[in-house]
Amino acid sequence: MRAGDRLVIGTVRRGGPWPAVLAVTAVVGAAGELAVPYLVGRTVDTFVLRRPDGTFWLILCACAVAAVVLCESLGVWARGACGAFAAARLRLGVLRHVLGAGPAATRRFPEGELVTRAGLNAEEAGRAPETVTGALALLVPTAGALVALTLIAPVLTLTLGAGIVAILLVLRAFLRATTVISGGYQEVQGDIAARLVDAMEGARTIAAAGSAAQEARRVLEPLPRLRAHGMSLWRANAGAAVQSGLVVPLLEVAVLIVGGFMLASGRLTVGELYAAARYAVLGASLSTSLGFVGGLARARAAAGRVAEVLELPPVTHGTRTLPAGPGTVEFRDVAVDGLTVGDLTLPGGSVTAVVGRSGSGKSLLAALAGRLTDPERGAVLLDGVPLPELPREELRSAIGYAFERPVLVGETVGEAITTAAGPSAAEAAEAARADTFIRRLPLGYGTPLREAPMSGGERQRIGLARAFARGERLLVLDDATSSLDTVTEREVGRALTTGRRGRTRLIAAHRLATAARADQVVWLEGGRVRARGPHHVLWQDPAYRAVFQGATP
């Protein structure tokens, strides 16, 4: 069974009480629809034959019709609640899984693609309980009609059965075709979303370059493919509707012809002939299930795309605790994704600057130290414990990480630094040279993030403060001072390289002064460690000096 189909079944099973409510309303409503032709037939016979119990059957007819109307109303309400509940649950599961998979998720899927799968596709897949329940509910009147016609006249059952087989064949072909077409349609939607997110991230560059028109064309380039898939969906739906729709009047005519001969011969009453005609229509009600089948096809296609995200392997964590130690980091025979580190040690409490040209692997080495990625070969240890063997909470409290473009999480500025906006937040902000501008905000550390517009450099200082507040043994800075002005960068760099002893610091360095103040420098070139040692020793190599050509002293 495909992963998407398994997800559809799981969504139905875990849909809360709503699939059960839908099933009950559908079954009771179908039972009412089955009862109406019989009750109407009996009512007609009582009035034609002038029987005294006509009023009784008329009241039963009215009750059955009322039950059908009530079930339809409850079904509409339950379908909306069911879809919302299932989609919300699925979105939450996808979000948790993406966060659990870590950076591997964005390496596998572009950000816009992830948004589409967790949003639009999860919503489509969340409609699976509604479509599955609705489609199965249509089997109730079909089965009931077959039984009722058998009781009235078995020969009429054969006529209805032939029509039902024809309808099922049409629906089966429609489900297969629509699932494939819907998958293509949703794939193009994800492509457009990914292009749009890329364009939004580079909006300032696009505006500065005056390339908005070209970028708009690039984002909208897949639209013809989207239109082609949409037209294919329309044609598939129209063709199936025509084919299945023709069966209903043909069945009714066939039943009326056969029933008419039986009425003429006295083997059927007028009421029984009416009931037989109505049961033929009810039996062919599968022809009205195109909407449910189309919805199921879209849900299957969307579930397949969501399942691909859920198949991402989550980051696993162990249960070991860190022993007392200075924060020594060891790379043992480490290699990953084109970067070969080999054996490398960052002594506890030391400052290590990682230098190299763009693309040399500085960010990847930082990601290995902070366990944002795992090596394909070898192991990374913190105070003798492999990083994958640490619990998530201990790992993240031991290692603080700051990025070039930090994402600030929390309701207030203080919460973006630490969960408790107390002295620890202020102390970390002071070290990151962020305390002064934070205190100028309307509510200081309590200012909501949405009401605290910040420059790129100010956001970087908040990100640095967050790393200072959380990294108890190791600080990893990946180009985390690139947006700071020269004076602030020197102050932060001095705090990083000369203060806060007791923490090991790994800094992806671009500025000469940062490398000069470090205890050791790791020089990367072409995905390998070309050399390591003190800056003043490496400076004797002209190729090393060339790395900093044009860099700020």
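In the predicted model examined here, the side chain of Asp519 reaches the backbone nitrogen of Val351 at a distance of 2.8 Å. Asp519 itself is placed in the loop between helix H21 (512-517) and strand S9, and, with a relative accessible area of 39%, this residue is partly exposed. A further relation to a remote part of the sequence is found at Ala353, which is separated from Asp519 by 166 residues along the sequence, although the two C-alpha atoms are 8.0 Å apart in space.

Strand S9, which borders the loop of Asp519, also contributes to the aromatic pairs of the model, of which a search of the whole structure finds six. The rings of Trp523 and Tyr544 have centres separated by 5.4 Å and planes inclined at 70 degrees, and because an angle over 60 degrees counts as edge-to-face, the pair is assigned to that class. This pair links distant parts of the chain, since Trp523 belongs to strand S9 (residues 520-525) and Tyr544 to helix H23 (residues 542-547), with their positions 21 residues apart in the numbering. Both partners are buried, Trp523 having a relative accessible area of 2% and Tyr544 one of 0%. Tyr544 is also paired with Phe548, the ring centres being 5.3 Å apart and the planes again at 70 degrees, so that this pair, too, is edge-to-face. Phe548 is likewise buried, with a relative accessible area of 7%. Together with Trp539, the residues Trp523, Tyr544 and Phe548 form one aromatic cluster.

A polar contact between side chains is found at Asp5, a residue of helix H1 (residues 3-13). The side chain of Asp5 contacts that of Arg300 at 2.8 Å, and Asp5 is classed as buried because its relative accessible area is 16%, the limit for this class being under 20%.

Among the strands, S1 (residues 329-336) and S4 (residues 377-382) run antiparallel and are joined by five bridges. Strand S4 is in turn joined by two bridges to strand S5 (residues 385-386), and this arrangement is also antiparallel. Leu381 takes part on both sides, as it is the bridge partner in S4 of Glu330 and also stands opposite Pro386 in S5. Strands S4 and S5 form a hairpin with two residues between them, and in the turn Asp383 has a positive phi of about 50 degrees.

Most residues other than glycine have a negative phi. Besides the hairpin turn, positive values are found at further positions, including Asp333 and Arg433. Asp333, for which phi is near 50 degrees, lies within strand S1 and, at 39% relative accessibility, counts as partly exposed. Arg433, also not a glycine, has a positive phi of about 55 degrees and is placed in the loop between helix H17 (423-431) and helix H18 (435-439). With a relative accessible area of 29%, Arg433 is partly exposed.

Key
Residues numbered from 1 in each chain as written. Predicted model: local features only at pLDDT ≥ 70, side-chain atom pairs only at ≥ 80, totals over all residues. Heavy atoms only, no water. Phe/Tyr/Trp six-rings, centres within 6.5 Å; stacked < 30°, edge-to-face > 60°. Helix = DSSP H or I, 4+ residues; strand = E, 2+ residues; numbered from the N terminus. Buried < 20%, exposed > 50% of the residue type's maximum accessible area, 1.4 Å probe, protein only. Polar contact = N/O pair within 3.5 Å; in protein donor to acceptor, adjacent residues only side chain to side chain. Pairing = 2+ DSSP bridges.
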